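Subject: Structure for your review

Dear colleague,

Please find below the structure that I am handing over to you. My findings follow it, and I would be grateful if you would read them with the coordinates open.

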Amino acid sequence: FVQEAFDSNWIAPLGPNVDAFEQELAQKVGSKGAAALSSGTAAIHLALRLLGVGRGDRVFCSTFTFVASANPILYQEAEPVFIDSEPTTWNMSPQALERALNDAKRNNRLPKVVIVVNLYGQSARMDEILELCSYYKIPVIEDAAESLGASYANKASGTFGYFGVYSFNGNKIITTSGGGMLVSDDLDALKKARFWATQARDPFPYYHHSEVGFNYRMSNVLAGIGRGQLRALENRVQARRNVFNNYFEAFKGMEGLSFMPEVGFSTRWLTTVCFDFEITGVKPKMVIDALEKENIESRHLWKPLHTQPLFQKHEFYAHSDNVVVSEALFEQGICLPSGSSLTKEEQDRIIDIVKEVVKNKKIVSK
């Protein structure tokens with residue numbers, strides 16, 4: 001597909017690969033249409049604009065996520081309100097969302113939109129979330145940047161909301177090196193998104209513009225990469241699930257270690273593990289440092305957005321009065337190496353290092 005792009009001289013944004021990638025992705029997930037863009041962040045931004053979010057509007061957003069999920073709210077000069085996670089999916093808590101919506105209704109400050117983020121390859125509890133949002137007539141943007149290939153209630157992650165968002169950044173389960181996709185059953189909205197994404201150029205025989213636009217379209221070359229990658233999606237998902245299963249079997253029975261639960265069908269994009277300090281005496285940084293000494297990269301789980309300096313003045317709703325799930329996950333968890341090409345031998349090295357950290361800390365604590 002990439003060679004076709006060069007042979008036909010369709011290099012810049014737009015071209016046969018872009019059109020085909022949109023159609024093939026939409027068909028894969030079961031959406032009526034899709035718009036190929038430069039990033040998942042761009043897709044969220046355009047979705048917010050399409051839903052009329054502007055200065056002073058409130059947008060509810062998952063707190064346990066990467067900053068790109070919430071930055072577009074600020075692009076639109078709107079006000080983010082952050083919603084905690086819940087234990088069974090690690091994604092948006094329906095309980096916290098319900099309290100936030102009830103308060104907003106009472107104060108006549110309902111949000112314009114709710115952004116639900118599906119982390120680490122797994123969907124949120126979309127049935128409960130959609131029921132709440134439907135009651136208040138609030139549209140949902142589903143940030144499925146990390147969950148392409150996952151499903152919930154036999155429906156593809158990213159297709160529950162009015163808009164869905166996927167990312168093809170270099171670290172995702174399939175990649176175009178950089179890129180994203182906006183999906184929806186509203187084909188007119190997607191047409192408008194493409195218009196805005198190509199600098200909002202009006203249909204004149206010369207450059208004529210009546211609206212603000214953006215340089216957000218995906219190039220034909222990158223779309224070619226995406227078409228090829230899409231054909232390998234099921235294999236990548238199975239590879240990630242195999243990596244998870246190897247870790248799970250290796251650490252099964254180790255007291256104080258726990259994994260992200262599975263609700264629906266998870267791609268296990270990243271294998272995440274939590275260490276209960278009271279039981280293991282282990283904190284995430286100890287494992288991260290031990291792996292780094294062997295030139296192996298691992299990372300903390302997402303630092304909740306409501307704890308970030310950028311957002312510290314904004315409202316936050318915890319899962320319950322006594323439990324802030326997102327903060328506990330950040331304090332206890334790490335992302336282990338989870339690449340689709342990770343070999344069994346490489347994984348065994350990682351497992352041995354983690355076990356050694358846990359073993360040594362137990363001896364010291366005694």
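In this predicted model, residues 24 or more positions apart account for 70% of the contacts with a separation of 6 or more. Buried residues make up 53% of the 366 residues in the protein.

Overall form

The secondary structure comes to 13 helices and 14 strands. The radius of gyration is 21 Å, close to the 21 Å that the globule rule gives for 366 residues, so the protein is as compact as a globular protein of that length. Taken along the principal axes, the C-alpha atoms fill a box of roughly 80 × 60 × 35 Å.

The sheet

Eight strands form an open sheet with mixed pairing, in the order β1-β9-β8-β5-β4-β2-β3-β13. Its edge strands are β1 and β13 (316-317), each of which pairs on one side only.

Within this sheet, strand β9 (residues 180-184) deserves a separate description. On one side, β9 is joined to strand β1 (residues 33-37) by five bridges, and the two strands run antiparallel; G33 has S184 of β9 as its bridge partner. The pairing of β8 with β9 is also antiparallel and consists of four bridges, with V165 opposite its bridge partner L182 in β9.

Is β9 mostly covered or mostly open? The strand is mostly covered, with five of its five residues buried. In a regular strand the side chains alternate between the two faces of the sheet. Both faces of β9 are covered: G180, L182 and S184 are buried on one side, as are M181 and V183 on the other.

Elsewhere in the sheet, strand β2 (residues 58-62) and strand β4 (residues 113-117) run parallel and are joined by three bridges. There, V59 has V113 of β4 as its bridge partner.

The largest pocket

The volume of the largest pocket is about 880 Å³. Its lining consists of 47 residues, and those nearest its centre are N171, K172, W269, L270 and R299. Two or more lining residues come from each of α3 (40-50), β8 (163-167), α9 (233-251), β12 (299-300) and β14 (333-336). Of these elements, α3 provides the largest share, three residues. By class, the lining has 18 nonpolar, 21 polar and eight charged residues.

Strand β8 therefore appears twice in this account, and the two roles are worth restating: β8 gives residues to the lining of the largest pocket, and β8 is joined to β9 in the sheet.

The second largest pocket

How much space lies in the second largest pocket? The figure is about 200 Å³. Of the 14 residues that line this pocket, K28, G149, A150, A156 and L233 are the closest to its centre. The elements that give two or more residues to its lining are α2 (16-29), β7 (155-156) and α9. Helix α9 gives the most, with three residues. The lining divides into eight nonpolar, three polar and three charged residues.

Helix α9 is thus named for both pockets: it gives two or more residues to the lining of the largest pocket and three to that of the second largest.

Yours sincerely,

A colleague

Definitions and conventions:
Residues numbered from 1 in each chain as written. Heavy atoms only, no water. 1 Å grid on protein atoms, 1.4 Å probe; cavity = no way out; pocket = protein on both sides within 12 Å on 5 of 7 lines; lining within 4 Å. Points joined across faces, edges and corners; volume = space filled by probe spheres on them. Nonpolar A, V, L, I, M, F, W, Y, C, P; charged D, E, K, R; others polar. Buried < 20%, exposed > 50% of the residue type's maximum accessible area, 1.4 Å probe, protein only. Pairing = 2+ DSSP bridges. Rg over C-alpha atoms; globule rule 2.2 N^0.38 Å. Contact = heavy atoms within 4.5 Å.
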